[in-house]
Structures are given as structure tokens and as C-alpha cells.
Amino acid sequence: MFKRILLTLVLLFSSGHTFAYDSNALNFSSINITRSLNYDAQKANISPKVVATIVRVFSWKIDFNRDLQKGDRFIIVGNKKTNPTAIIYLGAKERIAVFSYTDKRGRTGYYDINGKSLYPSFLRAPLKYDRISSKFQRSRFHPVLKTWRPHRAVDYAAKRGAPVYSVASGVIQHRKRMGALGNAVYIKHGSNYVTVYAHLSSFARGLRASSKVRKGQVIGYVGSTGRSTGPHLHYELRYKGIRKNPLTYQLPKQKNVARVDLWRFKNKAGKILNSLNNH
Ligand SMILES: [Zn+2]
């Protein structure tokens with residue numbers, strides 16, 4: 001249904017039309033990607049603030065460097081200067097629609113048609129472990145190298161072969177043997193977060209670089225490959241390339257539209273999609 005609506009939308013849509021909605025008129029603007037989001041947004045008279053919102057909201061689903069292609073488009077519904085009512089991405093491979101919602105504390109965010117934010121929630125730990133064998137620390141005596149060096153990760157002692165899970169939905173960046181890390185998997189979550197899982201005995205079947213993974217999906221099994229003294233998982237959490245302490249770092253939590261507002265929210269979202277379709 002949704003797919004059909006949007007396909008029709010691609011065929012019918014041209015910018016600058018106005019549609020009746022709840023007695024207010026909604027404006028629809030379109031950013032057609034020819035060169036880059038910034039360039040094409042400016043051409044379409046979409047404010048930098050809205051462009052920043054698009055990047056912030058959609059970077060959980062779209063890699064703006066890799067996935068965005070000529071011919072993709074963004075439909076901006078409503079205000080194209082500050083907070084649009086809805087933003088719809090129409091890509092070659094994927095179509096994603098988000099709708100604005102202001103919570104009772106006055107914060108406006110964007111949610112999918114089911115009322116969920118696009119950013120994922122994260123598991124607290126990527127496996128069922130026996131104990132933490134090494135914490136995140138500035139300096140520790142390395143058991144193999146016999147020198148003091150930082151350990152910007154958490155080591156979880158666990159049984160060889162214990163399954164290791166992706167802590168959140170994301171895309172596999174690397175899945176290969178990597179020197180001291182042994183068999184390692186790097187997973188990208190949105191544009192800013194990367195998690196690293198190292199010393200694996202083996203990888204889960206069917207996964208390769210650029211595979212999508214879900215939260216809780218098995219990506220490999222605990223082992224002792226690379227520079228390691230016994231079976232454990234070396235786990236890193238990186239934000240904008242900087243390794244953070246996975247045990248204390250405050251990860252974003254997935255947000256939902258408040259239950260009391262959900263029916264109204266879904267109704268509004270459905271109307272917006274329909275008005276696009278019916279035009
Ligand atoms: Zn480690």
C-alpha cells in the first residue's frame with residue numbers, strides 16, 4: 001500500500017502544489033538529487049536548517065556518502081524553513097517517510113508511520129558473558145605485549161563459540177581478519193556510531209561487508225583469534241571515530257510517539273500520504 005502510494009507519488013509529483021488538509025493548506029516541495037543534497041536543496045529553496053534535520057533524521061537509514069544517488073528525491077511537506085510536517089525520501093532502493101511530532105515537553109522530533117524514531121535502541125552488551133575481564137582504561141599492563149597501553153574497549157570473558165550479537169541495527173563495514181584484533185566485525189549504526197567485535201572464532205554465515213544487520217542478530221562467535229590469551233570478546237563503541245566507554249556511555253534511546261497521541265499521529269500521517277496520492 002505504502003509502496004503504491006509512493007510510486008504514484010513519483011509519477012504525479014511536481015513541486016509547488018498545495019493540498020487541503022485539516023482546513024490548513026500544506027505545501028509540498030521537492031529536492032531532486034542531481035549533484036548533492038546541499039546543492040539541490042539550495043536550488044529548491046529549502047533552508048539549511050531543514051537540510052540539517054534531513055541529515056540528522058535520515059542518517060540512521062541512509063549513508064549520505066554512499067546511498068544517495070542521482071534521481072533520488074526528498075519531499076518536504078509543510079514548512080520548508082524550520083520544522084516540516086513530514087519528510088519523505090524516495091530512493092532507488094528504499095522509501096522512508098517521517099512525520100513531525102511534538103511531545104508534551106515541547107520537543108519536536110520525527111517518527112515513522114508507526115510512531116517510532118528512526119534511530120535504534122542498543123543492547124547493553126553484545127553477548128551473554130561470564131565476567132568483564134578488562135574494562136575501558138587509560139593504561140593497563142598488556143598481558144601479551146608486556147607493556148602499559150590504553151585499553152579503550154571492554155573485554156568480556158565468555159565460552160568459546162558463544163554467540164555475539166549486533167547491539168543495534170546497522171550495516172557491516174568490515175568482516176575480516178585484522179591483525180591483533182583477529183577475526184573482527186565492524187558495524188556502522190547511523191552516521192556517527194560504529195561498534196567493533198574482535199577475536200571471534202568465526203563469523204555468522206551469510207554476512208559480508210555492506211550486509212544489513214538487526215539488533216540482536218548473531219554476527220559471530222567468541223574465540224581467541226589475533227592477539228589474545230584466551231576466549232573473550234573485545235568490544236569497542238566509537239562515536240564520530242572516538243572510542244567511548246561502552247559501560248558508561250549514554251547511547252540514544254529509541255523514542256516513540258506517546259501512546260495517547262498515537263492514533264491522532266497515525267491518522268495525520270495517513271492523511272498526508274493520501275493527499276499526496278490523491279492529487
Ligand atoms: Zn580488549
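Q: In this predicted model, in which sense do strand 10 and strand 18 pair, and over how many bridges?
A: Take the sense first: strand 10 and strand 18 run antiparallel. One pair to look for is Tyr156 standing opposite Leu233 in strand 18. As for the count of bridges between strand 10 and strand 18, that comes to 4.

Q: Strand 10 also pairs with strand 7, so to speak on the side of Ile132; which residue is the bridge partner of Ile132?
A: Strand 7 covers residues 131-134 and is joined to strand 10 by 3 bridges, with the two running antiparallel. Within strand 10, the partner of Ile132 is Tyr156.

Q: Which residues of strand 10 point the opposite way from Val154 and Tyr156?
A: Val154 and Tyr156 share one direction, and all four residues in question are buried. Pointing the other way from strand 10 are Asp155 and Ala157.

Q: Which residues supply the protein donors of the zinc ion?
A: The donor atoms lie 2.0 to 2.8 Å from the metal. Along the chain they follow the spacing H-x3-D-x78-H. Asp155 is listed twice, through OD atoms, while the histidines give NE2 and ND1. That makes the residues His151, Asp155 and His234.

Q: How far apart in sequence are Asp155 and His234, the pair that links distant parts of the chain?
A: Asp155 belongs to strand 10 (residues 154-157), and His234 to strand 18 (residues 232-239). Both of these residues are buried. Along the chain, they are separated by 79 residues.

Q: What is the arrangement of the 4 donor atoms around the zinc ion?
A: Check the angles: they span 52 to 158°. A tetrahedral call would need all of them between 85 and 135 degrees. The spread of 52 to 158° therefore makes the arrangement irregular.

Q: Which strand sits between strand 11 and strand 15 in the open sheet of order 11-17-15?
A: The sheet has 3 strands with antiparallel pairing. Strand 11 (163-165) and strand 15 (202-203) are its edges, each pairing on one side only. Strand 11 pairs over 3 bridges with residues 218-221, and Tyr165 has Val218 as its bridge partner there. In the order of the sheet, the middle one is strand 17.

Q: Is Ile219 buried or exposed, and what is its relative accessible area?
A: Ile219 is found in strand 17. Setting aside neighbours within four places in sequence, its contacts include Val164, Val185, Tyr197, Phe203 and Leu207. Val164 is 55 residues away in sequence, yet the C-alpha atoms are 5.9 Å apart. Ile219 is buried, with a relative accessible area of 0%.

Q: Which helix gives the largest share of the largest nonpolar core?
A: This core has 48 residues, and Ile31, Leu37, Ile54, Phe58, Phe74 and Tyr197 have the most contacts inside it. There's also a second, separate core of 17 residues, including Val77 and Tyr101. Back in the largest core, the top contribution is 5 residues, and it comes from helix 3.

Q: How many residues apart in sequence are the parts tied together by Asp63 and Lys188?
A: The closest N and O atoms of this salt bridge are 3.7 Å apart. Asp63 is buried at 18% relative accessible area, while Lys188 is partly exposed at 23%. Asp63 lies in the loop between helix 3 and strand 3 and Lys188 in strand 13, so the parts tied together are 125 residues apart.

Q: Are Asp130 and Lys159 buried or exposed?
A: These two form a salt bridge, with 3.5 Å between the closest N and O atoms. Asp130 is in the loop between strand 6 and strand 7, and Lys159 in the loop between strand 10 and strand 11, so the pair ties together parts 29 residues apart in sequence. Both of them are exposed.

Q: Which residue of the Asp261 and Arg264 pair is exposed, and at what relative accessible area?
A: Both residues lie in helix 4, 3 residues apart, or about one turn. Their closest N and O atoms are 3.0 Å apart in a salt bridge. Asp261 counts as buried at 17%. That leaves Arg264, exposed at 55%.

Definitions and conventions: Residues numbered from 1 in each chain as written. Predicted model: local features only at pLDDT ≥ 70, side-chain atom pairs only at ≥ 80, totals over all residues. Heavy atoms only, no water. Donors = N, O, S within 2.8 Å, 3.2 Å for Na, K, Ca; no water. Tetrahedral: all angles 85-135°; square planar, octahedral: opposite > 155°, others 65-115°. Buried < 20%, exposed > 50% of the residue type's maximum accessible area, 1.4 Å probe, protein only. Core = buried A, V, L, I, M, F, W, Y, C linked by side-chain atoms within 4.5 Å. Pairing = 2+ DSSP bridges. Salt bridge = Lys/Arg side-chain N within 4 Å of Asp/Glu carboxyl O. Contact = heavy atoms within 4.5 Å.
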